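Reader: I have a model open and some labels to check. Take me through the reasoning behind them.

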Amino acid sequence: MMKKFLSVLGGLALCGAAALAQAQSSSSAPNAKPIAEPQAGFVKSVRGNVQLLSAAGTSRTASAGDALAAVDRIVTGPDSSASVVLRDDTTLMVGPSSRLDLKEFHFNSTTHEGGVLVSLLRGSMRMITGLIGKTNPDAIRVETQTATIGIRGTDFIVQADGQP
């Protein structure tokens with residue numbers, strides 16, 4: 001009985017190894033679809049009217065739990081705000097009547113290397129940097145209408161009036 005069980009178990013292991021080898025060879029085929037870049041983060045909380053605008057120009061109302069792409073715009077109405085958490089644990093709090101562009105986000109969770117570029121077009125933002133800011137502070141950049149800010153701390157607030 002035990003001999004039969006071990007034979008069946010060995011056969012299943014061989015089938016599994018063959019299936020894995022086939023999957024690996026088909027994924028390296030020249031016509032294979034590229035693996036999609038993971039999302040940049042998610043919307044943690046929303047108060048009031050908050051819109052997300054994708055790079056393709058599609059707008060959607062933000063809700064807690066929504067995915068945030070590496071290039072997205074966050075627009076808050078009067079008396080509105082949003083909190084966003086990026087994959088490296090950077091937290092962005094966007095204040096009322098604000099427009100914030102997440103222009104670039106890339107992060108390797110194994111090496112903790114990456115970069116963040118945000119542009120505050122109008123309003124206010126608070127940022128608490130995550131792993132990228134802790135391992136390479138120069139990789140965190142914030143643009144405003146009149147200046148680009150280099151980050152040396154881990155928690156700061158920026159306000160822009162939107163007038164050039």
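**A buried aspartate and its strands**

Author: Start with Asp-72, in a predicted model. Asp-72 is buried but has no salt bridge. The nearest side chain of opposite charge is Arg-60, 4.2 Å away.

Reader: Why is Asp-72 with Arg-60 not called a salt bridge?

Author: A salt bridge needs the charged atoms within 4 Å. Arg-60 is 4.2 Å away, so the pair does not count.

Reader: What makes Arg-60 a contact of Asp-72?

Author: Contact means heavy atoms within 4.5 Å. Arg-60 is on the contact list of Asp-72, as are Leu-53, Ser-54 and Ala-55, among others.

Reader: Which backbone nitrogen lies 2.9 Å from a polar atom of the Asp-72 side chain?

Author: That of Ala-69. The cut-off for a polar contact is 3.5 Å, and this distance is 2.9 Å.

Reader: How do you know that β5 and β8 pair?

Author: Pairing takes at least two bridges. β5 (residues 72-76) and β8 (residues 99-107) have 4, so they pair, and they run antiparallel. Asp-72 stands opposite Leu-102 in β8.

Reader: What makes β8 and β9 a pair?

Author: 8 bridges join β8 to β9 (residues 114-128), also antiparallel. Asp-101 has Ser-119 in β9 as its bridge partner. In their hairpin, 6 residues lie between the strands, and His-112 takes a positive phi near 65°.

Reader: Which residues touch the most other members of the largest nonpolar core?

Author: Ile-74, Leu-86, Val-116, Val-118 and Met-125, out of 27 residues. β9 gives the most to this core, with 5 residues.

Notes: Residues numbered from 1 in each chain as written. Predicted model: local features only at pLDDT ≥ 70, side-chain atom pairs only at ≥ 80, totals over all residues. Heavy atoms only, no water. Helix = DSSP H or I, 4+ residues; strand = E, 2+ residues; numbered from the N terminus. Core = buried A, V, L, I, M, F, W, Y, C linked by side-chain atoms within 4.5 Å. Buried < 20%, exposed > 50% of the residue type's maximum accessible area, 1.4 Å probe, protein only. Lys, Arg positive; Asp, Glu negative; His and termini not counted. Polar contact = N/O pair within 3.5 Å; in protein donor to acceptor, adjacent residues only side chain to side chain. Lists of a residue's contacts leave out its neighbours within four places in sequence.
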